[in-house]
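Colleague: I am new to this structure and should be grateful for a close look at a single part of it. Would you please take one helix and describe it together with its surroundings?

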Amino acid sequence: MRIGFCFVLFVAVSFLSCADKGLQKDAAGVFEATEVLVSSESQGKIQVLDLEEGDHLTAGQVYGYIDTTQLYLKKRQLLAGLRSVDIRRPDIRKQIAVIEQQITVARTELRRMENLVKAGAGNQKQVDDWAHQIAVLEKELSAQRSTLNKTDEGATAEVENLQYQVMQIDDQLSKSRIVAPQSGVVLVKYAQAGEVTAPGKPLFSMADISVLYLRAYITASQLSQLKLGQPVKVYADYQEDGQREYPGIVSWISDKAEFTPKGIQTRDERANSVYAVKIAVQNDGYLKIGQYGEASFLTEEQ
């Protein structure tokens, strides 16, 4: 009786073992995220860089800034230049008012002399003199107005030039702020407050880990089983819990074959070239970048 029980137990364990070995996955790889390298956009000393590796950042939030003393002083200088131009801008109305008044007086005298000539109490020479004087004053007025207009146009152009320079300074000031380009987690911090940086120098890298991608490899024979947007089952390895299952979506399929990467096992191990695929998985907080995972392709029967 005892021998029969042991035999049945042995058969059951052997069956379970064989069944477990039969649960082969279709592809395997590691989880990754789209990494964003945030670099400096200006040169100078980093005054503040308030972030650490593992911190969660919010898109558009300022987490530091680079020294802007020289930019601030330059902007103040330009603003002073704008005020100076405004002070030197000619007041055209006031500067031509005197000649306009002289022309008004001369026209009044011309009309008076014309009336005297009509009445026989004046002479034509006085009328001609006043008409000549009016013509001279009008030419002077035209010349002065032209000169003042050109001076005003030059001041306007100078103001426009200074305003563009102020806009450039404002742009440089905005680029001195260290801003998170997207929401996500800081992966690596490359710089510290107090260091001198330059345009293009990396400050930190970050990634949105709310969605991770299992980058796996499949053989050419498996390509017919996959299409973009297809749901698949993804399994992540855990030391204590074994494997955790997640729903995934095929988000990318490479159109070029690669040589079989080291450490990547596929269902057809004899294939000497494979195709990379990416499977998007919503992260519940347990998935980590670089973690090993496997995928099982769903069929219509499943």
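Modeller: The following account concerns helix H4 and the parts of the chain around it.

This is a predicted model, in which local features need pLDDT of at least 70 and side-chain atom pairs count only at pLDDT 80 or more, while totals for chains, interfaces and linings use all residues. Residues are numbered from 1 along each chain as its sequence is written, and side-chain values use heavy atoms, with hydrogens and water left out.

Helices (H or I, at least four residues) and strands (E, at least two) are DSSP runs, numbered from the N terminus. Helix H4 comprises 52 residues, 124–175. The expected span of a helix is 1.5 Å times one less than its number of residues. For H4 this gives 76 Å, and the end C-alpha atoms are 76 Å apart, which agrees.

At the N-terminal end, H4 is capped by Asn 123, a side-chain oxygen of which lies 3.3 Å from the backbone nitrogen of Lys 125. Such a polar contact is a pair of N or O atoms within 3.5 Å; within protein, one must be able to donate a hydrogen and the other to accept it, and residues adjacent in sequence count only if both atoms are side-chain atoms.

Several residues of H4 are buried, among them Val 127, Ile 134, Leu 141, Leu 148, Ala 155, Leu 162 and Ile 169. Here buried means under 20% relative accessible area, exposed over 50%, and partly exposed in between (1.4 Å probe, protein chains only). The cover over the buried residues of H4 includes helix H2 (69–88) and helix H3 (92–119), where contact means heavy atoms within 4.5 Å.

Salt bridges also connect H4 with both of these helices. A salt bridge is a side-chain nitrogen of Lys or Arg within 4 Å of a carboxyl oxygen of Asp or Glu, and the structure holds 13 of them. In one, Lys 75 pairs with Asp 170, the closest N and O atoms being 2.8 Å apart. Lys 75 lies in helix H2 and Asp 170 in helix H4, so this pair ties together parts that are 95 residues apart in sequence. Lys 75 is partly exposed, at a relative accessible area of 23%, and Asp 170 is partly exposed at 31%.

In another salt bridge, the side chains of Glu 138 and Arg 107 meet at 2.4 Å, N to O. This pair links distant parts of the chain, for Glu 138 belongs to helix H4 and Arg 107 to helix H3, 31 residues apart. Glu 138 is partly exposed, with a relative accessible area of 35%, and Arg 107 is partly exposed as well, at 39%.

Beyond H4 comes strand S6 (177–179). This strand belongs to an open sheet of four strands in the order S6-S5-S3-S8, with antiparallel pairing. S6 and strand S8 (196–197) stand at the edges, each with a single partner strand, so one side of each is left without a neighbour in the sheet. Strand S5 (residues 62–66) pairs with S6 in the antiparallel sense over three bridges; two strands pair if DSSP finds at least two bridges between them. Within this pairing, Gly 64 has Ile 178 of S6 as its bridge partner.
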